[in-house]
Amino acid sequence: MKINLWQRRRRNSLWVLVLVAIFLVALIFPAYQWTQANVKSMAGRHDSKLSPVILIPGSSATQNRFDRLVTQLNKADKQRHSLIKLTVKTDGTIKSTGTLRPRDNEPFIVVGFQNNKDGYDNIQKQAKWFSLAFKQLARRYQFNNFKAIGHSNGGLIYTYFFEHYFTRDDITVKKLMTIGSPYNFSEANLSHKTQMLADFIDYRDRIPKQLSVYSVAGTENYDSDGLVPARSVEAGKYVYQGQVKHYTEVTVTGDNAQHSDLPQNEQIVSLIQEYILDSKKKTPTKSLMGAN
Amino acid sequence: MGHGVMRISEQQIINRLVPTVLRIRQTDFYRVIQRTVMLTFPFVLIGSFCQIIQLTLLTKTGFLASIFHLSTWVPYYKYLHYPFDSLANLTLDSVAIIAAFGAAKYYAKIYHRDDQLAGLSGAIALLLIAYEYSDQREETFNPVLLGTNGFTSAILIGIVIGVLFRLFGKSTDASRETHTTQILDRTFASLLPMALSFMLAVGVGLALNWFMLVDYSEQTAVQLQKIAMSSHNIGLTFGLAALTLLMEILGLAGPLEQRLLVNAPSMTTNLNYALSHHSAYHVPFPYTVNTLYKAFGTFGGTGMLLALIIAIIMSSHNHNYHIVARWSLVPALFNSSGPMMTGLPVLYNPIYAIPFIVAPLVNMAIGGLAIWLQWLPPMVYPVPLGTPGPLIAFIGTNGNLVALFIGVLDLTISVLIYLPFMRLAEATLHAAHEETLRLEMTGDEN
């Protein structure tokens, strides 16, 4: 009697065990397919030679903001980089123009916003919109590293993006250049920190550590580029210095050193060519192109 | 023939050990602990089911969600995890409070004190100790003392409260019918120990805040985890695994706790090497926490408890064991060990401490040996959250069949390691049952 009870109990338990075992065996094949596909896509991204330069314009500027810069860079770099432009609408949908030319490993990608107004609230929104565009770019082009350039508020959007949205460990950002970015808005006195600067400093430990940052300031006179105080650009050191691998401050003067002219300033063009673009020697594909 | 001899000697050992274990079981201390652990079981069970649903189905990187691409075709997928978040977090994070309640209640009950009030005082005392004092007007509690990590400290706090009730409270006769006046009498009889409990708890809480002891211990744990994650020395890997297993069975959070096993630097190095060379053989760090402990030592969560469940289902005679094993099977399949820890219970159980520590280490050694012989590459590729134990190495080696075979072999060996200890535990339970029957027959009350 007691033996019978025990056998029934054991039989019930064994049934549960058998069902779970069947379930487990049924999972083997889908699991196999998943890991094969996953490893393949990781290897694809890992092997990718693509290293785009992603640019964000400042407030009131559109996705066409960097057209002249790209033309100048192409001339100086003696090759035609592709130019791809994205606009993120306020509802999060993305419109894009331009294509990646074959064998171009260093395209310029400009991300503009339908709502390109100034202000901290908008910068937070734009960083969110940029993260959507970035997600789409990463999926479409499968790159494993990129370089970042932000003009004016574009640099602030990048800073907010790195602190709050950039969590991918399969993509690294190698370099960031902010051009005339007002880290303390129009406040010239560094002891008066704006809310935005205080927030940037609070979350600075989330910024990727292997990043090299160049902060370029333009000056018309000794303390401003006509719009942004040099002190406000300088405040970027409180965010980046000590957190990233290198933090370099550059001040340019002379022709086209006014805030809005900075992207086509000749010195800045050569700075981008020297510090941001990959040097030609290192990429064998480019020498191949020369042979064609 | 040899088999028969082994059986007999095993039986003899069991017969010799049962009285000793029985004596431990019958101490008040152990009884309080065991009842408390079992009080938390239903909460842990519900919490674990919610957690595995949340983790494997409703997290984008979860096991079932990944392999069936759930996030791409299930409608409103983004929002489905919300109810399970709150359910899983609140049931599992309340475990320490329930433990403090239970320990105080059961201790007070043994000495015929008001167990209801003692239990509630225990729970509040825990919250008072975990309270974080700050100038901001928000109530925060120290996460180290609450949740499953705070299990052991909660039981100790509960027992201290129980002792205060024993020393300063008055005996109550619970069986008598309770009128309002009697309830009031009982309340006032408990007022002194309650006040003392709360004062003591506030004092301890303030002292912890003042000296930042908890903060300090949290940081030591973080440091230990950092060392654990960055280690790729084979001796250190085994040592840390043993330490983790010992701490887990004592109800503390070890350095290799499940949720922390992500993104170690050695993992990234290994992955990049494998992706560059299109092969996972010869990676720089073949014997790490990830490639050995996570891949071969955590089937069914910490301590290879999936093996104990299978051992029970195949050969246990105990009704309760079967019930707990059945309910724990599905959570354990997705590496949630909570139900077995609290239901059987394995937690604080001296009998299960040995296989709990030995089985994972043996499995790691087998895995390490196979890697050394180059039968399979070390596991370097990502494995989704909540992947069933026997499939972890298979997925993490990009579908290597030898890895699957070793997974099954490890599980079988673990079942064999657990079997004799399960028989000993069962024999003890049986003896304890006989003992109570005998006491009831003779009319002797303890």
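Which residue forms a salt bridge with A:D67? In this predicted model, the partner is A:K85, and the closest N and O atoms of the two are 3.2 Å apart. Look at where each one sits. A:D67 belongs to helix 2 of chain A (residues 67-77) and A:K85 to strand 2 of chain A (residues 83-88), so this salt bridge ties together parts that lie 18 residues apart in sequence. Now check how well each side chain is covered. A:D67 counts as partly exposed because its relative accessibility is 27%. A:K85 has a relative accessible area of 15%, which falls under the 20% cut-off, so A:K85 is buried.

Let us follow the salt bridges a little further. Over all chains, the count comes to nine. Another one in chain A joins the side chains of A:E234 and A:K237, with 3.3 Å from N to O. Both partners turn out to be partly exposed: A:E234 has a relative accessible area of 23%, and A:K237 has one of 25%.

Chain B offers an example too. There, the side chains of B:D115 and B:K105 meet in a salt bridge at 3.1 Å, N to O. B:D115 lies in helix 8 of chain B (residues 115-130) and B:K105 in helix 7 of chain B (residues 95-110), so the pair links parts that are ten residues apart in sequence. Are these two residues buried or exposed? Both B:D115 and B:K105 are buried. Back in chain A, salt bridges with shared partners join A:E106, A:K147, A:K174 and A:D278 into one network.

Next, turn to the place where the two chains meet. How many salt bridges are there between chain B and chain A? The count is zero. Polar contacts are found there, however: ten residue pairs across the interface of chain B and chain A meet the rule, with both residues at pLDDT 80 or more. On the chain B side, helix 3 (63-67), helix 13 (265-277), helix 15 (305-315), helix 16 (319-333) and helix 19 (389-396) each supply at least two of the residues that touch chain A. Helix 16 of chain B gives the largest share of that side, with six residues.

What about the interface as a whole? The size of an interface is often given as the accessible area lost when the parts come together. Here chain B and chain A bury about 2900 Å² between them, and 74% of this is on carbon and sulfur atoms. Three residues, B:L275, B:R326 and B:N398, supply 19% of the area that chain B buries against chain A, more than any other three residues. In all, the contact takes 37 residues from chain B and 26 residues from chain A.

One of the helices just named deserves a second look. Helix 15 of chain B is mostly covered, as ten of its eleven residues are buried. Among them are B:L305, B:L306, B:I309 and B:S315.

To finish, compare that covered helix with a spot on the surface of chain A. A:W15, A:V18, A:L19 and A:I22 form a nonpolar patch there, with about 450 Å² of accessible area together. Take A:I22 as an example: this residue lies in helix 1 of chain A (residues 2-47). Its relative accessibility is 53%, so A:I22 counts as exposed. A general point about helices helps when you look at such a patch. An α-helix has 3.6 residues a turn, so residues three or four places apart point the same way.

Technical notes: Residues are numbered from 1 along each chain as its sequence is written. Chains are lettered from A and ligands numbered from 1 in the order in which they are written. This is a predicted model: local features need pLDDT of at least 70, side-chain atom pairs count only at pLDDT 80 or more; totals for chains, interfaces and linings use all residues. Side-chain values use heavy atoms; hydrogens and water are left out. Patches are made of residues with over 30% relative accessible area and no salt bridge: like charges are joined within 9 Å, nonpolar side chains (Val, Leu, Ile, Met, Phe, Trp, Tyr) within 5 Å. Accessible areas come from the Shrake-Rupley method with a 1.4 Å probe; for residues, only the protein chains shown count as cover. A salt bridge is a side-chain nitrogen of Lys or Arg within 4 Å of a carboxyl oxygen of Asp or Glu. Helices (H or I, at least four residues) and strands (E, at least two) are DSSP runs, numbered from the N terminus. Buried means under 20% relative accessible area, exposed over 50%, partly exposed in between (1.4 Å probe, protein chains only). Contact means heavy atoms within 4.5 Å. Buried area is the accessible area (1.4 Å probe) that two parts lose on being put together, summed over both. A polar contact is a pair of N or O atoms within 3.5 Å; within protein, one must be able to donate a hydrogen and the other to accept it, and residues adjacent in sequence count only if both atoms are side-chain atoms.
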